[in-house]
Amino acid sequence: MQAIVDLFRIETANTDLMRAQMRALRNQVPLLYVILAINSTAIAVTYLGVAPNWLTVYPLGGLLALCSLRFGVWLRGRRQPLDETRLAAKLRLTVGLAGALAVGFMAWSCALFGYGDAYAQAHMLFYVGTTTIACVLCLVHLRAAALLVTAIVTILFCLHVSRLDNQIMRAIGLNLVIVSAALAFVIVAYYRDFTRLIGQQVELERLSRENLRLANLDTLTELPNRRSFFASLDQAAAEAGAGGQPFVVGLVDLDGFKPVNDAQGHGAGDAVLQEAARRLHAVVGGAGVVARLGGDEFGLVLRGATALAATGEAICGALAMPFRLPHGGTAQIGASIGFAAYPEAGHKAAQLVERADFALYHAKTHSRGAAILFTEEHERLLRTQSVIEQALRHADLARELNLVFQPIVDARRGRTVAFEALARWTHPELGPISPAVFIPIAERAGLITRITAVLFGQALAAARAWPERVALSFNLSMADIASPQAAAALVAAIRASGLPPERVILEVTETALIQDVAQAQTVLETLKASGIAIALDDFGTGYSSLSYVHRLPLDKLKIDRSFVSEVTTDPASRDIITSIAALARNLTLDCVVEGIETDEQARLLKELGFVLMQGYHFGRPMAFPDTLRYLDSEAVRAIRPVQAVA
Ligand code: C2E
Ligand code: CA
Ligand code: CA
């Protein structure tokens, strides 16, 4: 019984279903009224003059008025959005009206029936049958209404024919019962499928919304992702191009994130990224978009006239605050930012990102922890750089690149123990270009491994001409130690040259190592296993040095020349150098002091206990033939050992 009652219920808990029902009914119910009006007019005409007017003309008039009224209501309601309660109410009203109309029509039909002759009665039977089926089909998405109409028509019809003493009529009644039962069965089945279909549709929509959300979301930080960032950027550029407000692109890169991630584990790294995302969001707020572009890089699109300097400072400040780690302790990192403003730095998204990236690169190399806006000066630099990059791409590397060599001496014994190979590039048109300029460009352009291969070959060949006690010190870039394959290529080159690996020192900088300490560690271990020595170059200028120096398989530290230039005048420089020396001793690493230009510096450093030294004071970088002469003369007169200051 309950199951039958349920068939007539409106599923008010399922709003999506109710909406779908309303959509279907809005298309079909007006049709129902049209059919009803036309068919009923035909019946009234058939019975006109046969039955009294109060049974034909007047009811028809009332009926037509009602039909057009409801037709109008449905048409007008077509575009009206309805809330849940009004939806349910409207569906209930539809069921009620359908029932009432079915009763009214059947009463009218039954009252008219007796007046007609056999033809008129046949018309009436046809009218009741076809109109019912048409109306039920129009109401099929509202099961309650469709079933109610079927039931009312069938019951009233059967009651009516059972009172007539006519076998044919009873047979027709029986027919109707069978057809109605089938109709009810079809309605129930159809409605079940319809409900299921709507359920699936809703789920599908939900899934595709979720997909869209995930496709544009960085799941770790819940910020928009790279794809979404570029979409926002394209939109901002399009709007600004169409006369909308200008905007600024920002690239934020965390400084010192990698060591935290490597040393404290990925859990800590993730927590830092999430917190960084929160802080960025808190600073930028509604003034723009904050997205995570990948790794420890975030992107900003700041709309309108923002006080850029203040925003940059606020972001750097926020990210310089200590980060609490999940398993206790804190991490100190920072952030550098590159900004590029529309339209000054470009009109297109890609151009703006490239320029913001260039500004970021400048921030990273010249003013870590600060925000830099791309300016005309940068534009000039970028142009020169791209000229150099193009020249490098098309250069005949083997011909245009060559090496000069700078001695590294044992200051106590006054003997050269190694030469550091330094790259020189002379372009046929651009002339000589400093390695300090072209090496970073080659690194950024992905050309460095080719350059390294050419130079390393030249360096190994040169080293073979030196006495056995003189080693070769060669500079590597990040890409050269970024993969086991790259390391294998270096080892293979040494093997091919015939130079014992023990005579090779490879210099790597902290900035190169810091990118991926774990990877660097394995690569350096492979190199070291084949007998090569590893020196950490420019020591003291890197970001967070001491924490992981002991984890790396190092043989030497090269103290950056910036500490040396002031060692005789500035007590602080002297203290730093002394403590680096102590650290090196503790880690049993050799120390090379670079950039010694004066006798005074050399004496003082020797007094501080340093042995290995390099700098203009001992020898400037020289061409290969000069190294041979230099070694010869050294052998003859032996550099006067540096005297310790008394
Ligand atoms: P670096 O490895 O620190 O090389 C030492 C730099 O200091 C050289 O500059 C050298 O000429 C200079 N120098 C040496 N003694 C003194 C001194 O007493 N006073 C002063 N003021 N400078 C001194 P250079 O040759 O211009 O090289 C610059 C940088 O370019 C190098 O710094 C190194 O990082 C990079 N580089 C040079 N050659 C190569 C190479 O073959 N491969 C790679 N990856 N990088 C290289
Ligand atoms: Ca070096
Ligand atoms: Ca150096």
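# A tour from helix α7 to the calcium pair

Begin by selecting R206, which is partly exposed, with a relative accessible area of 39%; here buried means under 20% relative accessible area, exposed over 50%, and partly exposed anything in between, with a 1.4 Å probe and protein chains only. The model is a predicted one, in which local features need pLDDT of at least 70 and side-chain atom pairs count only at pLDDT 80 or more, while totals for chains, interfaces and linings use all residues. Residues are numbered from 1 along each chain as its sequence is written, chains are lettered from A and ligands numbered from 1 in the order in which they are written, and side-chain values rest on heavy atoms, with hydrogens and water left out.

**Stop 1: salt bridges**

Add E203 to the selection, and the two side chains are seen to meet in a salt bridge of 2.8 Å, N to O, the term standing for a side-chain nitrogen of Lys or Arg within 4 Å of a carboxyl oxygen of Asp or Glu. Both residues lie in helix α7 (residues 167–215), three residues apart, about one turn of the helix; helices (H or I, at least four residues) and strands (E, at least two) are DSSP runs, numbered from the N terminus. E203, at 36% relative accessibility, is partly exposed.

Next select R292 and D218, which form a salt bridge whose closest N and O atoms are 3.0 Å apart. This pair links distant parts of the chain, since R292 is in strand β2 (residues 288–294) and D218 in the loop between α7 and α8 (226–241), 74 residues apart. Both R292 and D218 are buried.

Then move to R399 and D396, another salt bridge, with the closest N and O atoms 3.9 Å apart. R399 is exposed, at a relative accessible area of 72%, whereas D396 is partly exposed at 35%. Selecting D253, D255, K364 and R368 together shows one network, joined by salt bridges that share partners. By the rule given above, the count comes to 25 salt bridges.

**Stop 2: domain 2 against domain 3**

Colour the chain by its domain assignment, which gives domain 1 (2–210), domain 2 (220–374) and domain 3 (388–633), with bounds that come from an automatic or database domain assignment. The centres of domain 2 and domain 3, taken over C-alpha atoms, are separated by 34 Å. Their contact (heavy atoms within 4.5 Å) takes twelve residues from domain 2 and eleven residues from domain 3.

The area buried between these two domains is about 830 Å², of which carbon and sulfur atoms give 55%; buried area is the accessible area (1.4 Å probe) that two parts lose on being put together, summed over both. Select P259, D262 and Y361, which supply 49% of the area that domain 2 buries against domain 3, more than any other three residues. How many salt bridges are there between domain 2 and domain 3? The count is zero. On the domain 2 side, α9 and α12 (349–366) each supply at least two of the residues that touch domain 3, and α9 gives the most, with four residues.

**Stop 3: F257 in α9**

Stay with helix α9 (residues 257–264) and select F257, which is found there. Is F257 buried or exposed? F257 is buried, with a relative accessible area of 6%. Leaving aside residues up to four places away in sequence, F257 touches G269, V272, L273, D296 and I333. The C-alpha atoms of F257 and G334, 77 residues apart along the chain, are separated by 8.1 Å.

**Stop 4: two calcium ions**

Select the calcium ion (ligand 2), which is coordinated by E420 (OE), N475 (OD1), E507 (OE) and D537 (OD), at 2.1 to 2.3 Å. Donors are N, O and S atoms within 2.8 Å of the metal, or 3.2 Å for Na, K and Ca, and because water is not among the atoms, sites may look incomplete. Among these donors, E420 in strand β9 (residues 415–427) and E507 in strand β12 (residues 504–509) link distant parts of the chain, 87 residues apart. Both E420 and E507 are buried.

Now add the calcium ion (ligand 3), whose protein donors are D537 (OD), D538 (OD), E594 (OE) and E594 (OE), lying 2.2 to 2.5 Å from it. In sequence, its donor residues are spaced D-D-x55-E. Which residue bridges the calcium ion (ligand 2) and the calcium ion (ligand 3)? D537 does, and the ions lie 3.9 Å apart. D537 is buried, with a relative accessible area of 6%, whereas D538 is partly exposed, at 25%.
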